[in-house]
Amino acid sequence: MLSIIICSREKKIKQKLAENIDKTIGTEYELIIVDNSLNSYSIFEAYNYGISQSNGNYLCFIHDDIFFHTQNWGNVIENIFESDSKIGLVGVAGAKIKTKMPSAWWDCNDENLQINIIQHFSDKIEEHWQKGLTENNTTSVAAIDGVFMAARKDAEITFSTELKGFHNYDLNFSFEYQKKGYKVVTTKEILLEHYSLGTLNKDWYSSTIRLHKLYKEILPLNFSNTNMKKIEFKNGSKFILDLLNHKMKKEALSLWFQLIWLKPKSKFHFKFLNQFFK
């Protein structure tokens, strides 16, 4: 059985989503709605509560603003897990690499992205993002996006009790499964529609720094032929400049000291110092 866990911003999920799940899932399931209308839980707490209430062998964490287009997607998930006991986590979007330097999971070249989503925007028409799709039903990745995460239930794996708020829970879960020796994969066989975009604010940057400190022993992760040294510097310098733009100078300086050892001679270091002392 598949346990679907939703952290809801309202007391109940929209009827349209409930009906969509029931009509498309194609397998036995239970629906666990965590009422977070009063903002009582962090996303980590909400999902851990959902896990504690679940009865299924497989867990599925989804946003409350999606719509499934694939029929029998629940069977797809069950078949993936049953085909390989080492697969622990399945998503519809993710990346083959994750740098040691703080960054978003999608901060990489298109060749390392794995995405199959219809994404909506506030200022333009929706787009069908299709990247990295191959003949394989699944592809090993470093991390997946939290819009849809299907997990093999493991009593030793939960969401972090050290991270707070509503950011980086997907990387947290991805890295926990990686630590336990499971495969984290994306599938091209499920298509869903997502009606909102996340926000990269100060809370996100603080959370991202904290996350990378927690998992520094397993990072970087690389399931491709990418030269990680180059992308480490690229992602690190981008993240540091973003910190400065958000007036987070202390955090930027700390990361800059790490980056300067990676590539001592670079125009970026002069750019950083000029911006830092403005």
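Here a biologist and a modeller talk through how some features of this predicted model get their names.

Biologist: Welcome me in gently: what should I know before looking?

Modeller: This is a predicted model, where local features need pLDDT of at least 70, side-chain atom pairs count only at pLDDT 80 or more, and totals for chains, interfaces and linings use all residues. Residues are numbered from 1 along each chain as its sequence is written, and side-chain values use heavy atoms, with hydrogens and water left out.

Biologist: What makes β12 a strand that is mostly covered?

Modeller: Strands (E, at least two residues) and helices (H or I, at least four) are DSSP runs, numbered from the N terminus. β12 spans residues 148-152, and five of its five residues are buried. Buried means under 20% relative accessible area, exposed over 50%, and partly exposed in between (1.4 Å probe, protein chains only). Phe148, Ala150 and Arg152 lie on one side, with Met149 and Ala151 on the other.

Biologist: Nice! How do you know that β3 and β12 pair?

Modeller: Two strands pair if DSSP finds at least two bridges between them. β3 (residues 58-62) has five bridges to β12, so the two count as paired, and they run antiparallel. Tyr58 stands opposite Arg152 there. β5 (residues 87-91) joins β12 through three bridges, also antiparallel, with Val90 the partner of Ala150.

Biologist: Why is a group of 68 residues called a nonpolar core?

Modeller: The name fits because a nonpolar core is a set of buried Ala, Val, Leu, Ile, Met, Phe, Trp, Tyr and Cys residues joined through side-chain atoms within 4.5 Å. In the largest one, of 68 residues, Phe61, Trp73, Phe148 and Phe173 touch the most other members. Apart from it lies another core, of 19 residues, among them Leu241 and Phe272.

Biologist: What makes the buried residues of α8 line one face?

Modeller: In α8 (residues 267-276) the buried residues are Phe268, His269, Phe272 and Phe276. Seen down the helix axis, they fall within an arc of 100°, so they line one face; the arc is that of the directions from the axis to the C-beta atoms. The face turned away carries the exposed residues Lys267, Phe270 and Asn274.

Biologist: And what covers the buried residues of α8?

Modeller: Their cover includes α6 (228-245) and α7 (249-262).

Biologist: Last one: which strands pair with β8, including in the parallel sense?

Modeller: β14 (residues 192-194) pairs with β8 in the parallel sense over three bridges, and Gln119 stands opposite His194. β9 (residues 127-131) pairs with β8 in the antiparallel sense over five bridges, while β6 (residues 93-95) does so over three.

How values were computed
Contact means heavy atoms within 4.5 Å.
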